[in-house]
Amino acid sequence: MVLEVRDLRKYYKNIKAVDGISFCVDKNEVFALLGPNGAGKTTTIKCILGLRNKDGGEIKLSGTVGYLPEGKELYQSYTVRKMIEITASITKDFDKDKCFKFIEQFDMPLSEKVSELSNGQTTQLYISLVLSQRAELYILDEPTWGLDPIVRNQILEMIRNIPFDGSSVLYTSHILSEVEKVADKVAIMNKGKIIEIGYLDDIKEKYCAIRVDKSKNVSGYKYKSTESENVYVVKKEWAQENGFTCEPITFDILFEAIVLGSNSNSNVRGEER
Amino acid sequence: MKKEFYDMRVRVIGITITVLILFFVLAPFQKFTVSMLEGYSGNPQLEKFLPGSMLNRLKEWSFYINSQWYGKNFGQIIPIIGIIMAFPLFSRETENGTLAFLLVRRNRKLVFMDKFLTGLILLVLILVLASLLPIIYSFLLSKNYQYTTGLKFLLHSLFAGILWYSITLLYSVIFNDQVKPLLAGLGTLAITTVAGILKPLRILNTYAYALGSKIFQKNIVDLKYTFGVIIVSLIITFIAYKIFLKKEI
């Protein structure tokens, strides 16, 4: 195991930014932390990295970490070449040649100042710096933000290849189609808590949609309403036991239903779902 | 440290050039300054601030350069040099969002020591160079100068600069933008200087020390004040270090 988080808590006065979450990232695994804005993903990552002080819980991290933050802020006055050289001087196990290769692959001029790079190029440079560091765990916060589809696919390919080199990935993203492409395991967070966690395929397999007459009430994640019926996302096992017809759902629908459902207390039930 | 030296290069070059310009518009013009002041002799207003005896002493090279360099031009900017060297050390990284880049690569203790020591080394180099300018100039031009007095001024300059460096370093750790530590440093300097006008609070006026009043009066280093300055600087730096270890990014 590369990372173990147990009962992590982080409060800002009365706001529970992270409220007793637990998860672990295994070796050679891509673990995605998902959730809407303000769910507590970035705070969780910052607590893991020691950038924020936790209020409780335990974090066990083995080995070195490479980190790509949500805001891809680099030194504006440096050139791309200087940025690589400075990073090499302060980073343990940094492969400068590998970094120059990434930059060449992204077709980025070495003499260009960081301040003159576009958002997408800054992300490309940052991810090149992070992935050129030999680390046991790469923590990537919204790694594809601001990238065009071609570069995004290049980056996703790079992320997908990380486990083959013996490392693991903990990453966050708002783009669920991306998550489906690269993640082995996911945790869905909302309001500081983990609502669902497990292997992506298992989670997708666990839930289905059922249509229920509006006069009936079912405990589940209410996804949408039509004129005559409500559509709920429920556990497949429960639906079959109770004689409902299961309809397959996409991961997008599942994510939306779980998050919306957890926002509404009436819909949040344990085993009944 | 490579990064820190690189980041501070513009500030260091700027300050060094300013100090050199300041010195070279002063040192070669002793005769011109004295003759200009003599032209005003008999003026009651000038007599009030510059009595005849003082004017005569300005004709001595040692007195001229000590009073005009250490006691005036350079002396007055020593705290400001300390403030300018320290204010962006941490606050610029926090403001630009680059502190996380450093902290995930090196531990906090190292990041703090790197920044603190690089700034300190460069500050000491600037202050030593500026303090030695009269000595070097006097030697090269074979002027009659009391070198030991110059070294006493060097000590005062160094520790006065380090005190304001450490005070502003603390502000740089506390605040998340670059303007606040600069203003807080300058504000503290103004407040302590004004408060020092009051007799019971005169210890707060660090200018009396930076300008070397004790050296002018008794030709001795103010050891008691120097010791106090070292202790205060150490305490403030330690507080800044402790705050930085716990600071949330």
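Biologist: Let's start with the stretch 3-216 of chain A: how far apart are its end C-alpha atoms?
Modeller: This is a predicted model, so every value here is computed from it. A UniProt annotation, from an unreviewed entry, labels residues 3-216 of chain A "domain: ABC transporter". Over that stretch the chain is 33% helix and 31% strand. From one end to the other, the C-alpha atoms are separated by 44 Å.

Biologist: Thanks! Is Lys216(A), at the end of that stretch, buried or exposed?
Modeller: First find its place: Lys216(A) is in the loop between strand 10 (207-213) and strand 11 (221-225) of chain A. Next count the C-beta neighbours inside 10 Å, which come to 8 for Lys216(A). A residue with 12 or fewer is classed as exposed. Because its count is 8, Lys216(A) is exposed.

Biologist: And how far is Lys216(A) from Asp148(A), going by C-alpha atoms?
Modeller: Along the chain, Lys216(A) and Asp148(A) are 68 residues apart. In space, the separation of their C-alpha atoms is 46 Å.

Biologist: Now the whole of chain A: what percentage of its residues count as buried?
Modeller: Chain A holds nine helices and 12 strands. Its C-alpha trace spans about 65 × 40 × 35 Å along the principal axes. Out of 273 residues in chain A, the buried share is 40%.

Biologist: I can see three strands side by side in chain A; in what order do they form their open sheet?
Modeller: Look for the edges, where a strand pairs on one side only: these are strand 2 (15-25) and strand 4 (56-61) of chain A. The pairing in this sheet is antiparallel, and the twist averages 20° from one strand to the next. Reading across, the order is 2-1-4.

Biologist: Which residue stands opposite Leu3(A)?
Modeller: Strand 1 of chain A covers residues 3-12, and its antiparallel pairing with strand 2 runs over eight bridges. In general, strands of a sheet pair through backbone hydrogen bonds. Opposite Leu3(A), in strand 2 of chain A, stands Val25(A).

Biologist: Which helix packs on that sheet?
Modeller: Follow the contacts: strand 1, strand 2 and strand 4 of chain A are each touched by one helix. The direction of that helix makes about 115° with that of strand 1 of chain A. The name you want is helix 1 of chain A.

Biologist: There is also a hairpin in chain A; which residue in its turn has a positive phi?
Modeller: The hairpin is made by strand 8 (185-190) and strand 9 (193-199) of chain A, paired in the antiparallel sense over six bridges. Within the pair, Met189(A) faces Ile194(A). Two residues lie between the strands, and the one with a positive phi, about 50°, is Lys191(A).

Biologist: Let's bring in the partner chain. Which helix of chain A gives the most to the side that touches chain B?
Modeller: The contact joins 17 residues of chain A to 16 residues of chain B. Helix 1 (41-49), strand 5 (65-68) and helix 2 (80-90) of chain A each supply at least two residues of that side. By class, the side of chain A has nine nonpolar, five polar and three charged residues. The most, three residues, comes from helix 2 of chain A.

Biologist: Last one: what ipTM does the predictor give the complex?
Modeller: For chain B, the average pLDDT is 93, and 99% of the residues score at least 70. For the complex, the predictor gives a pTM of 0.88 and an ipTM of 0.86.

Methods: Residues are numbered from 1 along each chain as its sequence is written. Chains are lettered from A and ligands numbered from 1 in the order in which they are written. This is a predicted model: local features need pLDDT of at least 70, side-chain atom pairs count only at pLDDT 80 or more; totals for chains, interfaces and linings use all residues. UniProt positions are given in the numbering used here, feature names are shortened, and annotations may be inferred rather than shown by experiment. Helices (H or I, at least four residues) and strands (E, at least two) are DSSP runs, numbered from the N terminus. Two residues are in contact if their C-beta atoms, placed from the backbone, lie within 7 Å. Ala, Val, Leu, Ile, Met, Phe, Trp, Tyr, Cys and Pro count as nonpolar, Asp, Glu, Lys and Arg as charged, and the others, Gly among them, as polar. pLDDT is the predictor's confidence in each residue, from 0 to 100. A residue is buried if 20 or more other C-beta atoms lie within 10 Å of its own, exposed if 12 or fewer, and partly exposed in between; C-beta atoms are placed from the backbone. Two strands pair if DSSP finds at least two bridges between them. Axes are lines fitted to C-alpha atoms, for helices over the stretch in contact, and angles run from 0 to 180 degrees between N-to-C directions.
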